[in-house]
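This report describes how the helices and strands of one protein chain are arranged. Please examine the sequence and the structure before reading on.

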Amino acid sequence: MKKYNIITIKEGISSNEIAHELANYDDTPEFTVVNLLNQTKGKGRGTNKWFSELGKSLTFSIIVYPRFLNSQLSFYISKLTSIAVVEALQNFSHKIKIKWPNDIYFNNKKLGGILIENCFENDKITYSIVGIGINVNQTNFPSELPNPISLLQITGDNSQLINLENTLYKIIRKFVKWYTILKNEDHNGYAIIDKTYFKYLTGRSKTIEYKTNDEKILKGKIISVDEFGFINIKNSAGIVLSYNIDEIKLIKF
Ligand code: BTN
């Protein structure tokens with residue numbers, strides 16, 4: 001049985017914004033997907049914008065109600081979404097990976113971004129808006145983007161455009177699968193998600209370089225990403241340092 005329900009909208013500012021409005025109605029079912037064909041002012045993490053191109057990219061948001069999840073563990077939604085996207089795109093290349101915390105990368109280029117916005121009540125998450133943007137058939141990008149890439153550029157075959165709808169369905173099906181693992185499998189689901197996230201993480205167990213907020217460039221090995229989303233990096237002296245997303249930027253991975 002199909003568990004999700006896609007609402008396709010021609011044009012709007014941001015699929016996340018539309019999804020927030022829907023989530024505030026009592027009768028919006030879980031796994032309602034807002035598929036925005038022309039997103040005019042996509043939001044990225046922090047103050048970033050997300051660029052997309054009508055007919056050539058995917059910009060959509062999935063509504064879920066993870067009331068079973070303690071608010072401190074909200075990073076699991078990020079983890080499972082990144083896994084779902086990477087798994088759905090493995091047939092294009094096994095080099096498609098997660099870049100901590102939840103970017104989708106091919107080598108050192110950005111293929112997709114995820115913006116999760118949670119609504120909390122006490123220590124519970126009442127709803128999450130899982131916003132996903134994927135570069136699919138673009139061949140040109142705005143010059144201000146530092147390192148974009150599309151699925152079409154990965155396949156290297158410009159004559160064979162990639163079907164947007166099929167790619168959307170694949171990602172949603174994987175999302176439903178991984179969300180259900182988190183929801184139904186007691187604590188084992190958390191362990192499976194941790195393991196799979198680490199398996200798909202770019203730079204894992206390699207020496208990487210990162211920049212701290214005080215502009216220091218440091219090196220170390222990523223040894224894990226914990227349940228709160230902190231990255232643990234072991235330096236050459238064997239000391240493990242733990243950072244959250246606002247504290248460092250990965251530069252070579
Ligand atoms: C990032 O890399 O900073 C996150 C980008 C997230 C972009 C997606 S596109 C669909 C959804 N709607 C938005 O406005 N943003 C997210």
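How many bridges join S11 to S12, and in which sense do these strands run? Four bridges join the two strands, and S11 and S12 run antiparallel. The model discussed here is a predicted one.

## A series of antiparallel strands

Strands of a sheet pair through backbone hydrogen bonds, in either a parallel or an antiparallel manner. Strand S10, residues 207-212, is paired with strand S11, residues 217-225, in the antiparallel sense over five bridges. Within this pair, Ile208 is the residue opposite Gly220 in S11. S10 has a further antiparallel partner in strand S14 (residues 248-252), to which four bridges join it. In that pairing Lys211 faces Lys249 in S14.

The pairing of S11 with S12 places Ser224 opposite Asn232 in S12. Asn232 in turn stands opposite Ser242 in S13, since the strands S12 and S13 also run antiparallel and are joined by four bridges.

Three hairpins belong to this part of the chain. The table lists each one with the residue in it that has a positive phi.

| Hairpin | Residues between the strands | Residue with positive phi | Phi |
|---|---|---|---|
| S10 and S11 | four residues | Glu215 | about 70° |
| S11 and S12 | five residues | Gly229 | near 95° |
| S12 and S13 | five residues | Gly238 | near 85° |

Is Ala237 buried or exposed? Ala237 is located in the loop between strand S12 (231-234) and strand S13 (240-243). Its relative accessibility is 62%, and because exposed means over 50%, Ala237 counts as exposed. Although Ala237 and Gly220 are 17 residues apart in sequence, their C-alpha atoms are 9.4 Å apart in space.

## The seven-stranded sheet

Another sheet is open and is formed by seven strands in the order S1-S2-S5-S9-S8-S7-S6, with mixed pairing. Strand S1 (5-12) and strand S6 (96-99) stand at its edges; each has a single partner strand, so one side of each is left without a neighbour in the sheet. On average, neighbouring strands of this sheet are turned by 20° against each other, direction ignored.

The edge strand S6 contains Lys99. Lys99 has a relative accessible area of 11% and is therefore buried, as this value is under 20%. Leaving aside residues up to four places away in sequence, Lys99 touches Tyr105, Leu201, Thr202, Leu250 and Phe253.

After Lys99 the chain reaches a loop between S6 and S7, in which Pro101 lies. The peptide bond joining Trp100 and Pro101 is cis, with omega about 0°.

Strand S7 (residues 103-106) and strand S8 (residues 109-121) run antiparallel and are joined by three bridges. Here Phe106 stands opposite Lys109 in S8. Asn107 lies in the loop between S7 and S8 and has a positive phi near 50°, although this residue is not glycine. Asn107 is partly exposed, with a relative accessible area of 43%.

A second asparagine, Asn122, is found in the loop between S8 and strand S9 (124-135). Asn122 likewise is not a glycine and has a positive phi, of about 55°. With 75% relative accessibility, Asn122 counts as exposed.

## Helix packing around H5

Two packed helices are described by the angle between their axes and the distance between the axes. Helix H5 (residues 186-199) provides an example with helix H2 (residues 75-88): the two axes come within 9 Å and cross at roughly 55°. H2 and H5 are therefore oblique to each other, and H2 passes H5 in a left-handed crossing. On the H2 side, Phe75, Tyr76, Lys79, Leu80, Ser82 and Ile83 meet Tyr190, Ile193, Asp194, Thr196 and Tyr197 in H5. The residues of this contact divide into seven nonpolar, two polar and two charged.

How are H4 and H5 oriented towards each other? Helix H4 (residues 164-184) packs against H5 at an angle of about 140°, with the axes 6 Å apart. H4 and H5 are therefore oblique to each other. H4 contributes Trp178, Ile181, Leu182 and Asn184 to the contact, while H5 contributes Asp186, Gly189, Tyr190, Ile192, Ile193 and Thr196. Among the residues of this contact, six are nonpolar, three are polar and one is charged.

Technical notes
Residues are numbered from 1 along each chain as its sequence is written. This is a predicted model: local features need pLDDT of at least 70, side-chain atom pairs count only at pLDDT 80 or more; totals for chains, interfaces and linings use all residues. Side-chain values use heavy atoms; hydrogens and water are left out. Axes are lines fitted to C-alpha atoms, for helices over the stretch in contact, and angles run from 0 to 180 degrees between N-to-C directions. Angles under 35 degrees count as roughly parallel, over 145 as roughly antiparallel, 65 to 115 as roughly perpendicular and the rest as oblique. A crossing is left-handed if the near helix is turned anticlockwise from the far one by less than a right angle, and right-handed if clockwise. Contact means heavy atoms within 4.5 Å. Ala, Val, Leu, Ile, Met, Phe, Trp, Tyr, Cys and Pro count as nonpolar, Asp, Glu, Lys and Arg as charged, and the others, Gly among them, as polar. Two strands pair if DSSP finds at least two bridges between them. Buried means under 20% relative accessible area, exposed over 50%, partly exposed in between (1.4 Å probe, protein chains only).
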